[in-house]
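Colleague: Got a minute to go through this model with me? I'd like to know what stands behind the labels.

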Amino acid sequence: MLKVYTGKPITYLNLPLILDYAKNPVAEIVTEPHLADYFLIPYNFTHVQYEDDYLDYFLNLARRADKKIIVFWFGDSSGRIYWPDAIVFRTSQYKSVLRPNEIIMPTVVDDLGTRYGFETRLKAA
């Protein structure tokens with residue numbers, strides 16, 4: 001199984017973790033950077049893109065450990081991540097500015113019916 005280092009959590013933001021979207025484990029979180037295959041920003045990049053201290057610390061630690069960083073960016077942003085050692089999974093990007101390290105993936109959508117008990121109603125004819 002892929003081993004990832006996620007660093008220290010940003011507790012004051014109370015954000016959902018990327019790996020919580022998976023039904024089955026897709027990676028093992030390790031507590032020491034040298035044990036990781038990759039570093040993983042454990043949040044949707046949309047939520048942490050302006051957390052400069054956190055991102056600078058994470059990026060510098062990954063560089064010192066000589067590890068690539070996996071980033072997930074859900075949403076419609078066409079912004080760029082200028083980290084040459086990043087692998088960016090995103091749900092949208094213009095083809096004309098798509099970088100070689102960016103991978104477009106299907107969007108993640110919560111099943112609101114299952115999560116919150118919504119049911120569709122039958123429409124009368």
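Modeller: Sure, let's take the sheet and then a few single residues, bearing in mind that the model is predicted.

Colleague: How are the six strands of the open sheet ordered, and how do they pair?

Modeller: The order runs β2-β1-β3-β4-β5-β6, with parallel pairing. On average, neighbouring strands in this sheet are turned by 35 degrees against each other, direction ignored.

Colleague: What makes β2 and β6 edge strands?

Modeller: β2 (28-30) and β6 (102-104) each have a single partner strand, so one side of each has no neighbour in the sheet.

Colleague: How do you know that β1 and β3 count as paired?

Modeller: Pairing takes at least two bridges. Strand β1 (residues 3-5) and strand β3 (residues 38-44) share two bridges in the parallel sense, so they qualify under that cut-off. As for partners, Tyr5 is bridged to Phe39 in β3.

Colleague: And which strands does helix α2 lie across?

Modeller: Helix α2 (residues 52-65) lies across β1, β3 and β4 (69-73), and runs at about 165 degrees to β3.

Colleague: Why is Asn14 called exposed?

Modeller: The cut-off for exposed is over 50% relative accessible area. Asn14 has 70% relative accessibility, so it counts as exposed. This residue is in the loop between β1 and β2.

Colleague: What is the phi of Asn14?

Modeller: About 50 degrees, a positive value although Asn14 is not a glycine. Most residues other than glycine have a negative phi.

Colleague: Where is Asp66 found, and what is its phi near?

Modeller: Asp66 is in the loop between α2 and β4, with a positive phi near 60 degrees. At 70% relative accessibility, Asp66 counts as exposed.

Notes
Residues are numbered from 1 along each chain as its sequence is written. This is a predicted model: local features need pLDDT of at least 70, side-chain atom pairs count only at pLDDT 80 or more; totals for chains, interfaces and linings use all residues. Side-chain values use heavy atoms; hydrogens and water are left out. Helices (H or I, at least four residues) and strands (E, at least two) are DSSP runs, numbered from the N terminus. Axes are lines fitted to C-alpha atoms, for helices over the stretch in contact, and angles run from 0 to 180 degrees between N-to-C directions. Contact means heavy atoms within 4.5 Å. Buried means under 20% relative accessible area, exposed over 50%, partly exposed in between (1.4 Å probe, protein chains only).
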